[in-house]
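Biologist: I would like to learn how to read a protein model feature by feature, with the general idea and then the case in hand. Could we go through one together?

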Amino acid sequence: MAFVLKTAKTLRTHWKKSTFFFCVTAYGLNYGRNRHNDNLLRRRYCQEAQQYGNEKILLGHRPRRVTVFLNPAAKGGKARKLFEKTAAPILYLAGIEVNVISTEYEGQVKKFMSVLDTQDTDAVVIAGGGGTLLEAVTGFLRKEDRNFRENIPIGIIPIGNSNRFSKLLFGEDPDEVRTIAEAAIAVVRAVTKKVDVIKLEGQDDKKIFALMGLEAGAYRDAEDRKGKYWYFGPLKSRWTYIRTAMKQWPPVLDATISFVEATEENMKYEDPEMLKPLVGRKNWSFVDFLFGRKQRSLAQVEEVASKPEDEDSITTDVSTVEITVTNSSLFNKEMPLKALQVSLGPSSPTKTELIKEGWSRIKRTGFKMGSEGDKTLLVKKIHIDLKKEGQWYNIDGESFEAMPVEISLLRNKLNFFCPQAHDDDGR
């Protein structure tokens, strides 16, 4: 009893130190518990991967080969540690021959993609953020080797700050370890799905191929300036919209757009490339020899809207606070007409409306472009020409200087590894 009284008196006398010690202890216990749970989660995924690795390889075949493009600068320089601690063990235990290429400068992935061949790899995995993925997709579709696009699927290890497409593919999960592990095991399971690609063609035949779409206007500019207000801490996301309303009002875009409206007829043309025979196609699937089955995919036929010569386009001038272009199926997968969805914001919002809309986007979950009440168009293709110089586009989370651009939708163009739930056969 005397010990208890003495301890209570000490805690009361030194209550500041006692409170600090209690907080540090509670934090340490919580940190240790979270690390233990993360290790248990990693072990569970590794055990599943090992089941694949224990399967026998048929005589005359070799292990799967995967090329990983790792952006070590992603996630504030923590990308390599995240990859090696969670994703790499899963790939190695599955018996996969992994070739990791660390990128050193912007554009390096596109250069590697130009020389990569089906004999070099059985799959390409992007370990990074949205910018690294954008480079890889652009490099894929700039290749003239259609056989490469047909046979080589793409995997994503979301270890960057911007992983919007990964969230669409695997869902939004606050548990970072689970997200990375689920993306890695998707490569092991080899379940794929066809994904649409958005083609953006600028001047001098410069082409970019995106997965999410294009954004331009006041909200994009506000998000781009957010990093400059780091000294506001957690309030920087709100201050950037207040600052936008305080300067250069009204923040509208003046542009000329020309578009072809989408119809069921003009969005169902076959890709002319699909009528050409495949040459040099390998006589084995990179999953067949390991699992004794063909690589699975949700779609077997690629559809691309071709360009008839007699299409009529509509040209108009617009003045808007924001313009966005994306794939309509990203909003509603059940939408019967899959085309480009163009959203045009109001031309003269009040300052209060702009700030309120900006703040609502801070807590927005899921994928969405534009605002409620925007004018929307479903188009087959669109040409955008901003009248004022010095404007910028946001394409899949990356900033590009604005120039006249023509945008079209390529249907079912690439194969991506996806979660087990997308597999119809099941394992």
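Biologist: Let me begin with a small detail: which residue takes a positive phi in the hairpin of β14 and β15?

Modeller: Please keep in mind throughout that this is a predicted model. In that hairpin, where two residues lie between the strands, the residue with a positive phi is Asp-396, and its value is near 55°. The two strands of the hairpin, β14 and β15 (residues 398-401), run antiparallel and are joined by four bridges, with Asn-394 standing opposite Ser-399 in β15.

Biologist: Which other strand pairs with β14, and over how many bridges?

Modeller: Strand β7 (residues 213-217) pairs with β14 (residues 392-395) in the antiparallel sense, over two bridges. Here Glu-215 is the residue that stands opposite Asn-394, so that you can follow the pairing in the picture from β7 to β14 and onward from β14 to β15.

Biologist: How should I read the nonpolar core, and which residues have the most contacts inside the largest one?

Modeller: The general idea is that, in soluble globular proteins, nonpolar side chains tend to be buried together. In this model the largest nonpolar core has 67 residues, and those with the most contacts inside it are Phe-83, Ile-90, Val-137, Ile-157, Ile-159, Phe-165 and Phe-416. Helix α9 (residues 176-189) gives the largest share of this core, nine residues. Another core, of 31 residues, lies apart from it and includes Leu-253, Ala-255, Val-342 and Leu-409.

Biologist: If I leave aside the neighbours of Val-137 within four places in sequence, which residues is Val-137 in contact with?

Modeller: Val-137 is then in contact with Val-197, Phe-209, Leu-211, Leu-414 and Phe-416. For the protein as a whole, among contacts with a separation of 6 or more, 81% are accounted for by residues 24 or more positions apart.

Biologist: How does one look for empty space, and how many cavities of 30 Å³ or more are there?

Modeller: Rolling a probe the size of a water molecule over the atoms shows where empty space is left. In this model the count comes to two cavities of 30 Å³ or more, and the largest cavity has a volume of about 120 Å³. It is lined by 15 residues, of which Gly-130, Leu-133, Ser-162, Arg-164 and Phe-165 are the closest to its centre. Two or more lining residues come from each of the elements β3 (123-128), α6 (130-142) and α8 (164-170). Sorted by class, the lining of this cavity has seven nonpolar, six polar and two charged residues.

Biologist: And how much space lies in the largest pocket?

Modeller: The largest pocket holds about 1,100 Å³ of space. Among its 31 lining residues, those closest to the centre are Arg-164, Glu-215, Glu-223, Lys-226 and Arg-361. The largest share of the lining, four residues, comes from α10, and by class the lining has seven nonpolar, 11 polar and 13 charged residues.

Biologist: My last residue is Gly-171, in the loop between α8 and α9: why does it count as partly exposed?

Modeller: Gly-171 counts as partly exposed because its relative accessible area is 31%, and the class in question lies between under 20% for buried and over 50% for exposed. Gly-171 and Pro-419 are 248 residues apart in sequence, yet their C-alpha atoms are 9.5 Å apart in space.

Technical notes
Residues are numbered from 1 along each chain as its sequence is written. This is a predicted model: local features need pLDDT of at least 70, side-chain atom pairs count only at pLDDT 80 or more; totals for chains, interfaces and linings use all residues. Side-chain values use heavy atoms; hydrogens and water are left out. On a 1 Å grid over the protein atoms alone, a cavity is a set of points where a 1.4 Å probe fits but cannot get out, and a pocket is an open set with protein on both sides within 12 Å along at least five of seven lines; lining residues have an atom within 4 Å of a point. Grid points are joined across faces, edges and corners, and a volume is the space filled by probe spheres set on the points. Ala, Val, Leu, Ile, Met, Phe, Trp, Tyr, Cys and Pro count as nonpolar, Asp, Glu, Lys and Arg as charged, and the others, Gly among them, as polar. Two strands pair if DSSP finds at least two bridges between them. A nonpolar core is a set of buried Ala, Val, Leu, Ile, Met, Phe, Trp, Tyr and Cys residues joined through side-chain atoms within 4.5 Å. Buried means under 20% relative accessible area, exposed over 50%, partly exposed in between (1.4 Å probe, protein chains only). Contact means heavy atoms within 4.5 Å.
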